[in-house]
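Reader: I should like to learn how to read the features of a protein model one at a time. Could you take me through the general idea and then the particular case?

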Amino acid sequence: MSKEFTILYFASARDAVNISSEIISFPPTSSSLSLQDLTNLLKNRHENLGKVLENSMFAINMQYVDKEDESIMVKPGDEVAIIPPVSGG
């Protein structure tokens with residue numbers, strides 16, 4: 001089984017990274033990541049993404065998740081969406 005997951009970027013997150021999605025491999029020593037570890041990994045990959053992630057919502061496999069919930073893990077094959085706040089204008 002593949003040890004990868006997919007990240008989907010929307011709105012200002014997509015603007016910050018200049019891509020709409022990417023497939024990321026898990027570190028060799030793990031087959032799951034907490035949302036905090038995921039956030040750190042994404043900040044390290046994309047320096048412009050940090051500010052956007054602070055206010056973004058996460059969805060795993062099309063289900064919104066509480067990014068403060070330390071029990072939520074990203075697993076191989078998951079699709080994680082980064083959904084920034086929508087600003088009205």
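Author: The dialogue below goes through the core, the aromatic rings, the charged side chains and some backbone features. Please keep in mind that this is a predicted model.

Reader: Let us begin with the interior. How many residues does the largest nonpolar core have, and which of them have the most contacts inside it?

Author: The largest nonpolar core has 23 residues, and Leu38 and Leu42 are those with the most contacts inside it. Several elements each supply at least two residues of this core: strand 1 (4–9), helix 1 (11–17), helix 2 (35–45), helix 3 (50–55), strand 4 (57–60) and strand 7. The largest share, 4 residues, comes from helix 2.

Reader: What does Leu42 touch, apart from residues up to four places away in sequence?

Author: With those residues not counted, Leu42 touches Ile7, Tyr9, Ile24, Leu49, Leu53 and Ile82.

Reader: And Phe58: is this residue buried or exposed?

Author: Phe58, which is found in strand 4, has a relative accessible area of 1% and is therefore buried. Leaving aside neighbours within four places in sequence, Phe58 is in contact with a list of residues that includes Leu35, Leu38, Leu53, Tyr64, Val65, Val80 and Ile82. The C-alpha atoms of Phe58 and Ile83 are separated by 6.1 Å, although the two residues are 25 residues apart along the chain.

Reader: Which pair of residues can serve as a contrast in C-alpha separation?

Author: Consider Asn18 and Gln36, which are 18 residues apart along the chain and have their C-alpha atoms separated by 22 Å. Asn18 has its place in the loop between helix 1 and strand 2 and, at 68% relative accessibility, counts as exposed.

Reader: I turn to aromatic rings. How is a pair of them described?

Author: Two quantities describe a pair of aromatic rings: the distance of the centres and the angle of the planes. A search of the whole structure finds 1 aromatic pair. The ring centres of Phe5 and Phe26 are 4.9 Å apart and the planes are at 55°, so the pair is tilted.

Reader: Where in the chain do Phe5 and Phe26 lie?

Author: Phe5 lies in strand 1, and Phe26 lies in the loop between strand 2 (21–25) and strand 3 (33–34), so the pair ties together parts that are 21 residues apart in sequence. Both Phe5 and Phe26 are buried.

Reader: Next, the charged side chains. What is the general idea there?

Author: When their charged atoms come close, side chains of opposite charge can pair. In the present case, a search of the whole structure finds 2 salt bridges. One is formed by Glu22 with Arg45, whose closest N and O atoms are 2.9 Å apart. This pair links distant parts of the chain, with Glu22 in strand 2 and Arg45 in helix 2, 23 residues apart. Glu22 counts as buried at 13% relative accessibility, whereas Arg45, with a relative accessible area of 44%, is partly exposed.

Reader: Which residue forms a salt bridge with Glu54?

Author: Lys51 does, and the closest N and O atoms of that bridge are 3.7 Å apart. Because Glu54 and Lys51 are 3 residues apart in helix 3, they are separated by about one helical turn. Lys51 counts as exposed at 61% relative accessibility, while Glu54 is partly exposed with a relative accessible area of 47%.

Reader: How should one read Asp78, and what is the nearest side chain of opposite charge?

Author: Asp78 is buried yet has no salt bridge; Lys75 is the nearest side chain of opposite charge, 4.7 Å away. The cut-off for a salt bridge is 4 Å. Asp78 lies in the loop between strand 6 (73–74) and strand 7 (79–83), and the side chain of Asp78 makes a polar contact of 2.9 Å with the side chain of Asn61. Not counting residues up to four places away in sequence, Asp78 touches Glu4, Phe5, Thr6, Ile60, Asn61 and Met73.

Reader: What does the backbone of Asn61 show for phi?

Author: Asn61 has a positive phi of about 50°, although Asn61 is not a glycine. Asn61 lies in the loop between strand 4 and strand 5 (63–65) and is partly exposed, with a relative accessible area of 39%. Ala11 is another residue to examine: phi of Ala11 is near 50°, a positive value in a residue other than glycine. Ala11 is found in helix 1 and is partly exposed, with a relative accessible area of 39%.

Conventions. Residues numbered from 1 in each chain as written. Predicted model: local features only at pLDDT ≥ 70, side-chain atom pairs only at ≥ 80, totals over all residues. Heavy atoms only, no water. Buried < 20%, exposed > 50% of the residue type's maximum accessible area, 1.4 Å probe, protein only. Lys, Arg positive; Asp, Glu negative; His and termini not counted. Polar contact = N/O pair within 3.5 Å; in protein donor to acceptor, adjacent residues only side chain to side chain. Contact = heavy atoms within 4.5 Å. Core = buried A, V, L, I, M, F, W, Y, C linked by side-chain atoms within 4.5 Å. Phe/Tyr/Trp six-rings, centres within 6.5 Å; stacked < 30°, edge-to-face > 60°.
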